[in-house]
Each structure stands twice: as structure tokens, then as C-alpha cells.
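Me: Could you take a close look at one part of this assembly for me, the contact between two of its chains? I'd like to know what builds it and how the copies are related.

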There are 4 protein chains.
Amino acid sequence: MKLTKEQNQEIKDQQSQANSTKRVTAIELEKILYEAIPVLDHGFIRVVDYMGDDTSVVQAARVSYGKGTKKVSTDSGLIKYLMRHWHSTPFEMCEIKYHVKLPIFIARQWIRHRTANVNEYSARYSILDKEFYLPEPGHLAAQSQINRQGRGDVIKGDQAKQVLDLLKNDAERTYKNYEQMLNQQYDGTVIDDSKVGLARELARMNLTLNTYTQWYWKTDLLNLMNFLRLRADQHAQYEIRAYAEAMLNTLKKWVPITYEAFMDYRVGGTEVSGKGKEVIVKLIKGKDVSIEESGLSKREWNELMDSFNLKEKKV
Amino acid sequence: MKLTKEQNQEIKDQQSQANSTKRVTAIELEKILYEAIPVLDHGFIRVVDYMGDDTSVVQAARVSYGKGTKKVSTDSGLIKYLMRHWHSTPFEMCEIKYHVKLPIFIARQWIRHRTANVNEYSARYSILDKEFYLPEPGHLAAQSQINRQGRGDVIKGDQAKQVLDLLKNDAERTYKNYEQMLNQQYDGTVIDDSKVGLARELARMNLTLNTYTQWYWKTDLLNLMNFLRLRADQHAQYEIRAYAEAMLNTLKKWVPITYEAFMDYRVGGTEVSGKGKEVIVKLIKGKDVSIEESGLSKREWNELMDSFNLKEKKV
Amino acid sequence: MKLTKEQNQEIKDQQSQANSTKRVTAIELEKILYEAIPVLDHGFIRVVDYMGDDTSVVQAARVSYGKGTKKVSTDSGLIKYLMRHWHSTPFEMCEIKYHVKLPIFIARQWIRHRTANVNEYSARYSILDKEFYLPEPGHLAAQSQINRQGRGDVIKGDQAKQVLDLLKNDAERTYKNYEQMLNQQYDGTVIDDSKVGLARELARMNLTLNTYTQWYWKTDLLNLMNFLRLRADQHAQYEIRAYAEAMLNTLKKWVPITYEAFMDYRVGGTEVSGKGKEVIVKLIKGKDVSIEESGLSKREWNELMDSFNLKEKKV
Amino acid sequence: MKLTKEQNQEIKDQQSQANSTKRVTAIELEKILYEAIPVLDHGFIRVVDYMGDDTSVVQAARVSYGKGTKKVSTDSGLIKYLMRHWHSTPFEMCEIKYHVKLPIFIARQWIRHRTANVNEYSARYSILDKEFYLPEPGHLAAQSQINRQGRGDVIKGDQAKQVLDLLKNDAERTYKNYEQMLNQQYDGTVIDDSKVGLARELARMNLTLNTYTQWYWKTDLLNLMNFLRLRADQHAQYEIRAYAEAMLNTLKKWVPITYEAFMDYRVGGTEVSGKGKEVIVKLIKGKDVSIEESGLSKREWNELMDSFNLKEKKV
């Protein structure tokens with residue numbers, strides 16, 4: 001990730017603000033406000049605004065006149081209780097806004113989370129930056145043979161080199177032709193004075209899906225956790241997981257008590273079906289239980305055993 | 001509206017906070033933060049948190065690295081443009097949170113706006129305050145004879161007195177019986193030590209719809225304006241309009257440029273149908289136009305004439 | 001629940017329709033379409049329209065050109081997989097619409113589910129029916145001593161009688177005074193020709209919260225299941241659970257495969273936190289584990305033991 | 001647009017269904033159900049399911065026990081009234097589902113309408129079709145000189161040919177390299193048995209934004225109209241407008257009364273600001289009014305004159 005001199009200056013200007021407010025503030029989050037935290041080769045996330053902190057969750061749950069906190073330990077107990085029992089509305093009372101730079105194919109996954117507010121950089125209105133995502137060698141994975149939407153082993157050697165060359169060359173060529181059609185370079189320089197350029201809203205269609213875009217993305221704490229739960233999960237595509245993990249760090253700085261409850265009950269937790277529960281109960285009681293009598297499919301059985309680290313019982 | 005000593009203290013404690021933040025702040029709004037602004041006889045609104053200001057709208061529309069503002073005049077022009085052309089997403093980038101005390105029958109209208117976050121005081125968990133809405137004499141209106149969901153003239157004299165007596169007595173009696181069933185007074189005092197109380201979640205059903213409830217209500221700037229456009233309108237029920245008007249004042253303090261555009265394009269503006277447009281064009285050109293040839297119903301015709309203050313053309 | 005002759009006729013008229021359609025139809029659900037299924041003393045639910053069935057879930061998951069079904073067994077496996085892995089969007093592809101009659105205090109809980117479409121009978125526009133909810137003796141529960149928002153033992157004898165009398169008398173008196181203020185009886189008869197009536201939007205505030213209202217409520221299959229998961233749960237208030245249980249039956253008739261997966265993975269299942277998982281793993285391996293070393297609070301520990309029917313390990 | 005033999009057969013199979021239902025049916029819409037209506041060079045829309053018709057809007061507005069319709073003329077008046085006064089909820093009571101094939105850059109605009117349900121063909125799971133959008137010569141527009149996000153004159157001659165060649169060649173080459181990286185052709189044929197393929201979720205990033213994707217898209221009538229109002233507008237990008245116009249035809253077949261009101265009040269109508277209203281009133285009264293005294297910006301003034309076809313008054 002590299003920022004222009006002007007962008008760096010704009011970030012510094014914002015960071016040097018010191019306004020007085022009666023609102024609650026999250027001290028650890030303030031320290032990294034506006035900072036561009038690198039993700040992938042050219043992407044970043046920046047927290048650009050927020051509202052509320054852990055005490056706001058408590059305050060809303062109690063509909064109180066004053067600040068949420070009575071004692072930190074009481075607040076912590078209440079937040080854990082709310083998380084455990086899926087009380088959702090108090091977590092909607094905090095809000096956060098990110099500025100994100102990300103490849104278009106990841107933006108397309110991300111936008112499927114509808115309960116957020118988004119303003120994307122408009123390629124109808126402006127020329128997109130000349131930046132493409134190219135995976136690091138360690139992330140150049142083959143198609144998984146067992147999971148139709150997963151990754152297998154890392155591709156190495158000549159084939160890896162060939163893939164990276166194809167990606168790089170195609171992105172560069174299509175971008176060059178994008179400029180050609182626009183009759184303008186990425187920096188605005190006109191290429192041929194005697195010609196008009198193709199409409200930006202059309203020319204953009206020539207770009208590849210690893211081109212970077214950027215947006216402002218704002219959501220509440222509940223929906224942020226729903227996003228992170230799915231996207232920081234090991235089943236998520238690596239590239240979006242990289243963003244989710246960077247955001248998990250900002251969550252920790254923002255609402256540390258909620259973060260802890262979230263990691264325990266959601267990220268670190270598991271669901272067990274009705275049939276699965278019966279299997280677990282029998283196992284605890286030392287009884288034998290076979291996949292046949294459990295009513296579980298082979299896949300379900302193995303997922304259950306994985307959940308409880310009982311690899312030896314997988315079939 | 002009266003607050004307990006403890007509530008007043010909690011509000012003062014919040015108002016005396018002076019935190020340092022790098023976030024944008026709305027200076028005029030900070031001045032009234034947490035303050036309970038009276039509405040109706042026992043209700044209030046309080047702004048308890050907010051995020052962003054006019055510059056945040058501009059910043060998101062431009063997806064910029066720095067603060068939105070270049071020059072205030074440019075920002076103002078952009079915000080007006082966005083409002084005029086129904087660009088909605090930049091206005092979603094600001095957020096506000098209110099603490100509201102309001103009668104239940106108004107809460108039931110209010111909650112129909114789904115794009116907000118709400119935590120209501122729980123009458124399953126706690127005893128509701130002993131406060132009921134009683135209209136002021138000037139708002140005790142008869143049923144409109146021409147609009148099935150509107151108000152007509154103010155009711156006066158004996159009938160007015162009788163109505164207010166009925167409302168007051170019924171509210172007081174049902175509340176007293178609510179306490180009786182709970183076997184507890186509003187302040188928590190147990191009535192009869194030898195008895196258990198009915199479950200709070202059941203006893204509450206005896207209360208009348210003018211009983212006050214309260215909630216935390218959080219929404220973004222776009223949805224706040226959608227709410228205010230409908231609820232500050234003269235067709236809205238007076239009691240919810242009273243809240244909307246108090247909130248309009250907070251909007252003005254929070255985002256003055258957006259407020260001005262909102263008042264001009266939404267609140268003060270009007271819509272004209274395709275057929276209506278043809279009538280207006282003819283009127284401008286000095287041509288005669290009759291309701292018959294316009295294709296408008298009588299009701300539509302009159303609504304159109306009202307929109308443009310052409311009362312003399314009503315039929 | 002009693003319907004007027006006219007209402008019964010309207011229902012019959014709808015049920016006698018036999019239209020030909022190319023859309024998928026749910027045969028079992030068609031059998032009860034429009035039927036008013038009684039809930040509580042005067043309430044009901046009626047399925048008045050629907051779109052899609054189990055095959056629509058499969059069709060959307062596959063984005064296929066044809067009907068979802070290849071083989072029922074394949075479809076069933078896919079639906080279970082989707083449910084287990086929280087794939088939500090295919091379940092949004094089915095839609096259902098209910099007509100519901102319910103007490104206002106229950107309507108206030110229900111409406112908190114925002115992702116639904118609602119049209120409520122307007123008490124600004126019309127006079128509400130003269131019907132109030134009165135609990136059956138078996139549901140007249142005392143306040144729970146251990147759960148601030150729960151029910152304890154059933155209240156009996158004189159106190160029960162007294163509570164029911166209070167509820168009945170207050171509802172009847174406030175309704176009578178509502179008519180008085182309207183200067184109109186529930187059936188439209190004017191009471192005193194020489195008087196005007198109070199505006200309906202004001203008079204309604206005198207009604208108690210157990211008065212029945214009604215609405216059209218439409219939602220998609222995913223959000224219906226979210227609703228049922230919370231409201232058919234034993235922690236839900238009995239009165240709303242009664243509606244949820246009646247709706248569970250309609251779910252079964254509509255999408256039997258999805259229903260089965262829902263009952264196994266959601267209703268019958270449980271969540272286990274990260275710390276809870278460690279306890280379960282130790283129990284399965286026959287190791288001793290104490291609440292102290294588990295890091296769980298007493299409340300969490302007991303909830304975990306309850307989840308797996310290990311009452312003997314509760315502390 | 002061309003469909004495979006198998007796809008055509010699947011469509012025919014669905015169209016030959018003749019199920020009996022008690023639900024309301026929209027006869028004109030049934031006639032085109034499942035049919036692939038061509039849009040752009042390879043895209044289409046297909047209505048694959050629907051719920052409700054004009055009478056459902058009326059039924060919900062009245063919260064009636066029976067079918068909405070009393071008399072068609074009454075229904076029509078009520079629907080117009082609802083549309084004119086922005087009563088939104090009754091229009092949410094109808095639902096429609098489309099299967100759409102569209103270029104990715106258009107899908108990215110479309111998905112910004114959040115209040116819809118979507119299942120997109122997964123390029124993590126499957127190989128995308130080998131189809132790209134290439135504009136027809138008549139739509140190859142230059143960048144507008146006056147509107148930063150609009151189109152100017154059509155590009156012709158050599159430059160047009162060059163642009164189309166670039167688009168075509170780049171799309172074909174990047175697709176070929178996509179196959180190369182996957183080690184599989186679009187039809188599934190493995191290219192080199194001795195190699196593994198790159199994960200599909202990575203390879204897809206090499207595709208250009210004019211590649212076609214497809215999805216199931218379901219929304220309610222209100223949100224469909226919101227979509228169409230913005231996307232069938234002349235300010236919308238031509239390519240999405242092509243879809244919106246095809247969908248307008250399906251709207252007309254589905255809910256003809258609502259369609260008519262929508263065309264009159266929304267599509268054919270206009271909004272006038274408070275200041276604009278004053279200008280119009282003066283013009284009607286034959287008074288002189290200048291842009292200076294109007295308080296309108298030049299841009300606003302001209303937009304207002306355009307709205308009422310007063311081109312001669314533009315400045």
C-alpha cells in the first residue's frame with residue numbers, strides 16, 4: 001500500500017484534530033483513528049469515525065438516563081449475558097465507519113452484507129487507480145479437490161510463476177487499454193488531443209476484477225460482528241478474511257468487553273443440532289454411539305467431531 | 001415533564017464530560033447534548049450521541065481521504081445537489097441517537113419506521129412510570145367530518161371537561177389496578193406481604209394506551225429526514241408532530257447545511273404528477289384548463305391547486 | 001374467536017377460488033389457505049398468500065434455469081447443508097403472508113422484528129373491535145422470583161378471581177368510555193345526535209393494552225424462522241408463543257423439508273461457547289472439570305449443563 | 001442471448017405446469033412466466049415467481065377479511081390515493097422474483113438496492129459462462145463534456161472500431177487465461193492432466209467487468225418501483241436502463257392499476273422545491289420573475305424550467 005503525498009497529508013490533518021466533546025470516547029481507538037492499516041498488496045482499512053463504546057451497550061439495555069457504567073464488572077456480566085442470549089438491539093447502539101480500499105472481486109462478496117451504509121468511489125465519475133491485486137506466492141492455492149468452493153495446496157514453481165505473469169500482464173494490458181479508450185491516463189493526462197474519450201461508465205467494463213476500488217462503509221456493532229463472524233471464519237475466502245482480521249483488531253480497541261464476549265460465544269463457539277446433542281450426551285455418559293444410530297449424515301458426524309476436537313472419532 | 005433528582009444528576013454528570021476526540025464535532029449540538037427537551041405533558045427528547053456532521057456527507061460523496069470540507073460554499077452546493085437528485089447514501093453516513101419519553105399510542109406509530117435501532121424500556125422487566133398523556137384543551141379535537149383520519153374543530157365546554165375527566169380517571173384507575181395486580185406500587189413498595197404479585201408481563205396489559213414509555217432510538221441522517229418529512233407534516237397526528245418538531249430543531253443544530261436543503265426540497269417542496277404538470281404548464285402559458293380535460297379527479301385537482309396556493313381555482 | 005357472518009362468507013369466497021397457475025404450489029398449505037386458526041381467546045392467524053416452496057430454496061441456491069428439484073433426497077441434503085452452515089439467502093426466496101388478530105401488548109413485541117411488511121388496522125381511521133384478551137386461569141402466573149422477566153407459579157383462588165375481574169372490568173369500562181368519547185358505539189350507532197365525537201386518533205388512547213388489533217404481516221422464510229426461533233422458545237412470553245406455535249404448524253405444511261432442518265438445527269439445537277466447548281471435551285474424555293477452572297460463571301455453567309441434560313452437574 | 005438446449009427444455013417444463021391454487025393470480029403475467037426476455041447482447045430477465053396482484057394492495061390497505069376488490073373503479077381510486085400520498089406499506093404486500101443475466105459492472109450498480117433478496121451464481125463454486133457485453137455501435141458514447149457522470153455523442157468510425165476491438169480482444173484473452181489458470185475450459189474439459197488448476201475463487205479475478213453473471217433477485221412491489229424509478233430514468237446508465245425498461249413491461253402485466261399510477265405520479269411526475277414553487281406561482285400569475293430574485297442557482301433554475309418544458313426561460 002502506498003499513499004500519495006497529498007493523501008498522507010490529509011490523514012495527518014485529520015489526526016491532528018483535538019476537539020472537545022461530551023460524547024463517550026474510546027481511547028484506544030482514538031489512537032489509530034484515520035490511520036491506513038495495510039491489507040493485501042495495495043489495500044487498507046481506516047477507521048474514520050465511530051459512535052459509542054461498551055458503556056453504550058449497557059446504557060441502551062437499561063434505557064438509563066445516565067452513562068451505562070455502574071461498575072466495570074457489572075457491565076461485563078451484562079454484556080456477556082446479552083451476547084449469550086442473542087439480545088441483539090443493545091449492540092446496534094454503537095456505530096463505526098471505515099474507509100476501505102479493496103479489490104473489486106472482494107467488494108462483490110462484501111456488499112452482500114446489506115445492513116450497512118456504503119459510498120463507493122464512482123468509476124462513472126472518475127478514473128480508477130492503477131492498482132491490481134496479485135496474490136503472494138504463499139496464497140496461490142489450487143482448487144480444493146474435496147470442497148467445491150475451497151482452496152487446496154499452494155501452487156509452486158513454474159505454474160505459479162505462469163499464473164502470476166498472466167494475472168499481472170492481463171491487468172496491466174486491460175488497464176492500458178482502459179486509458180486508451182478514455183483517451184486519458186490514470187493521472188488525467190490527455191493522450192490524443194484530436195480525439196474524444198469513451199464515456200467512463202463504459203470504459204470501466206474493460207478492467208479486471210482484481211482492480212482496486214474503495215468505499216466508505218458504515219455499520220452498527222451488531223452487524224459488524226455478524227460480518228466478522230462469517231468473514232473472519234476459516235471457510236471465508238482468504239482475501240476477505242485478511243480484511244476481517246484487520247477489523248477484528250479495531251473491534252478490540254473500540255469495545256474490549258464486547259470483543260471478549262464475541263470471541264468466546266461466537267468466534268470460538270459452536271452450534272450443535274438436536275441430533276448432535278444426543279450424541280454428545282451419550283459420549284459424556286460413556287455410552288457407545290455409532291453414526292448409524294445417531295441419524296447424522298457422514299458429513300454432519302465429522303463436522304460434529306471436528307467441533308469438539310474428537311478427530312479420532314471421525315469416519 | 002419532571003425528572004427525579006437522580007435523573008437530573010445523571011444528566012448533569014454526562015454534560016460535564018469534556019473528552020478530547022479526533023472525530024468531527026457539531027458545536028451547536030454539543031451545547032444541548034443530553035438535555036431533556038420537553039414534549040407534550042410528560043414527554044421529552046434528548047440527543048444522547050451523534051456521529052458526523054455536514055462535512056461527513058461531503059466526505060462520503062467524494063470518498064475522500066481527508067475531511068470533507070474544501071470551502072463551505074462548495075460543500076453547500078454539493079449537499080443541495082445531492083438532496084435535489086435524491087442521492088441517498090451520503091446522508092446515511094451520519095448517525096444520531098435520541099432518548100425519548102412518549103405515550104404508547106404514539107410509540108406505536110413511531111415504531112413503524114423500521115430503519116432505526118430501538119431499545120425500549122421493558123415492562124416485562126420493570127414497572128412503568130405512573131404518567132399518562134392528557135391533551136391540552138386546545139388539542140382536544142373532534143373527529144373530522146371530511147377526513148376519516150383527521151381532526152376537526154376543538155371540542156369545548158362541558159363535553160371537553162367530560163372527555164378529560166374520563167381520560168384521567170380511566171388512566172388512574174387502570175394504573176391503580178395495575179399496582180394492585182403487581183402487589184407493588186410504582187415506587188416498588190409491596191402492598192400486601194402475604195401475597196405474590198401477578199407477572200409484570202401480564203399486569204401491563206391493564207394499562208391504557210396513553211401511558212408513557214421510553215426508548216433509545218438511533219437512526220442515520222437519511223432515515224431521520226424520512227421520518228421528519230412524514231411526521232412533521234400537517235397530515236401527521238398532532239402528538240407525533242410535537243416530537244418531530246422538537247427533533248427538527250436538533251437537526252438544525254447538528255447539520256445546518258443539510259437542514260436548509262431539507263427544508264427547501266422536502267418539507268417546503270411538493271410533487272406534481274405527469275397530468276398535474278400539464279395543467280401547470282397550461283396555466284403558466286395563460287391557457288384555460290378545466291378539471292374535465294385535465295384527467296384529474298376532483299380531489300387531485302384541489303390538492304394540486306392547494307400545492308401552488310391557487311385556492312381560487314379549487315372546485 | 002368468533003367471526004361475523006360477513007367475515008365467514010368472505011373467507012369462504014376466497015377458499016372457493018380455483019385458479020390455474022404455472023407457479024409452484026404447496027399442496028398441504030393450500031388446504032388451510034385463508035382459514036382462521038384460533039389463538040388465545042379472540043385471536044387468530046390466517047395464511048392469506050405465499051410464494052415458493054422447498055424447491056424454491058434449492059433453485060435459488062443453484063441459480064438454476066429449471067425447477068429446483070432433481071431428486072427429493074438431493075434437495076433434502078442441500079437444504080440441511082444450507083441450514084447447518086447458516087447460508088441465509090436461499091431461504092429468503094420464499095415469502096408468506098398472514099392475517100393476524102392479536103392483543104396490542106403482543107403486537108408491540110411482535111413489531112420489533114423489523115424485516116417484515118406490515119399493514120395494521122388503523123384506529124385513526126376506524127373503531128377498534130370490542131374484544132380484549134383475558135388469560136385462561138392456567139396462564140395467570142405470578143411474577144418469577146428468580147427471573148426478572150419471567151413467570152412463576154400459577155395464581156389461584158380468590159386472588160386469581162380478583163385479577164380476572166379487574167382486567168375484565170377495566171377493559172370494559174375503558175371501552176365504554178371510548179365509545180362515549182367517540183359518541184359512537186362499536187357498531188357505528190351514534191350515541192347523542194346533538195354532539196360531535198372526539199377524534200378517533202385521540203379516543204383510542206383510552207383503550208387498555210389487551211384490546212385486540214389486527215394486521216397483515218408478510219415476511220420471507222428466513223425471517224419467519226428467525227421470528228419463530230425466538231418466539232416459539234420457552235423464554236418467550238406465553239401469549240406470543242401461542243401465535244408462534246400455530247405458525248410452526250403452517251411452516252410444516254408449507255416447506256416440510258426446511259421445517260425438519262429448522263427443528264433439528266435451530267429449535268432443537270444449542271450453542272456452546274469456546275469455554276463451554278472445553279468443558280464438554282473434558283467431560284467426554286472422562287476428566288474432572290470444576291466450575292472454577294472452567295472460567296464460566298455459575299449462571300453460564302448451569303445453562304451449559306441444562307443444554308446437555310446434565311442436571312446432576314448443576315451447582 | 002442464446003440458451004442451451006437443456007436450458008430451453010427446463011424453461012418449457014416449468015411453463016407447462018398447470019397447478020390449481022386458491023391464491024390470486026395475475027393472468028397477463030402468467031402468460032410470460034419463466035420466459036427469457038432478451039436484454040443487451042447476452043442478457044435476459046425472466047419472471048420466475050410472484051405473489052399478489054393489484055387487489056392485494058387494496059386488501060392490505062383495508063386489512064380486510066376478503067379479497068380486496070369491491071369494484072375495480074374503487075380499487076383504482078384507492079391505489080392512486082395511496083401512491084399520491086406516499087402510503088408505502090400496502091405496496092410491500094406483493095412480491096416478485098426475477099432470474100437475471102447481466103454484465104458484472106451492471107450487477108455492481110444493481111446490488112446497491114439493498115432491500116431485495118439475491119442469490120448470485122457463485123464463481124467460487126462454478127466456472128462463469130464465456131459471454132461478455134459489447135455495446136452496439138449506437139451506444140458507444142463519448143464522455144459527456146458537461147456531466148461528469150454522463151454520456152455525450154456517439155463515437156463513430158475508426159475510433160469506434162478500435163474501442164470495440166479492444167473490448168472484445170481483452171475479454172477473450174482474459175477469459176482464455178482464466179481457463180488456462182483453472183486448467184479447465186468453460187465446458188469443464190481439463191486442459192492438462194498433469195496439472196492442478198488454480199482455485200476458482202482466485203482465477204475469477206482475471207475476468208473483465210463486462211463478463212456476464214446471473215442471479216435470482218426478489219423484491220416487493222414498493223422496492224421494485226423505487227428501483228425502476230431510479231433505473232428507468234434518463235439519468236441512469238443506458239445498460240441498466242435496458243433492464244429496467246424490460247421490467248417495466250412485466251410490472252404492467254402484473255399490476256396494471258398500480259403501474260398506471262406509478263407512471264403518472266412517479267415516472268412522469270416531478271418534484272418542486274419550496275423556492276421553485278414560488279417561481280411557478282409567479283409565472284402562473286403572469287408576474288415577472290428573475291433567477292436573481294428566485295434564490296435558485298443557475299443549475300436549479302434550468303432544471304425547474306426543464307421540468308415544466310419552459311426551455312425558452314432557461315438561462
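Reply: Happily; what follows looks at the side of chain D that touches chain A, and then at the symmetry. Please keep in mind that this is a predicted model.

Let's start with the contact itself. Chain D contributes 43 residues, and chain A contributes 43 residues as well. On the chain D side, four elements each supply at least two residues: helix H5 (104–110), strand S6 (141–143), helix H6 (157–182) and helix H7 (200–203). Of these, H6(D) gives the largest share, with 10 residues. As for chemical character, the side of chain D that touches chain A is made up of 20 nonpolar, 12 polar and 11 charged residues.

Now for how the two chains are related. A turn of 180 degrees, with a shift of 0.0 Å along the axis, lays chain D on chain A with an RMSD of 0.0 Å. If you would like to find that axis in the viewer, go to Thr208(D): its C-alpha is the one in chain D nearest the axis, at 2.0 Å. The same surface serves both copies here, as 100% of the contact residues of chain D recur in chain A.

It is worth setting chain C beside this. Chain C is superposed on chain A by a rotation of 180 degrees with 0.0 Å of shift along its axis, and the RMSD is 0.0 Å. That is the relation of a two-fold axis. For this pair, too, the same surface serves both copies, since 100% of the contact residues of chain C recur in chain A.

Methods
Residues are numbered from 1 along each chain as its sequence is written. Chains are lettered from A and ligands numbered from 1 in the order in which they are written. This is a predicted model: local features need pLDDT of at least 70, side-chain atom pairs count only at pLDDT 80 or more; totals for chains, interfaces and linings use all residues. Copies are superposed by least squares on the C-alpha atoms of residues with pLDDT of at least 70 in both. Two residues are in contact if their C-beta atoms, placed from the backbone, lie within 7 Å. Ala, Val, Leu, Ile, Met, Phe, Trp, Tyr, Cys and Pro count as nonpolar, Asp, Glu, Lys and Arg as charged, and the others, Gly among them, as polar.
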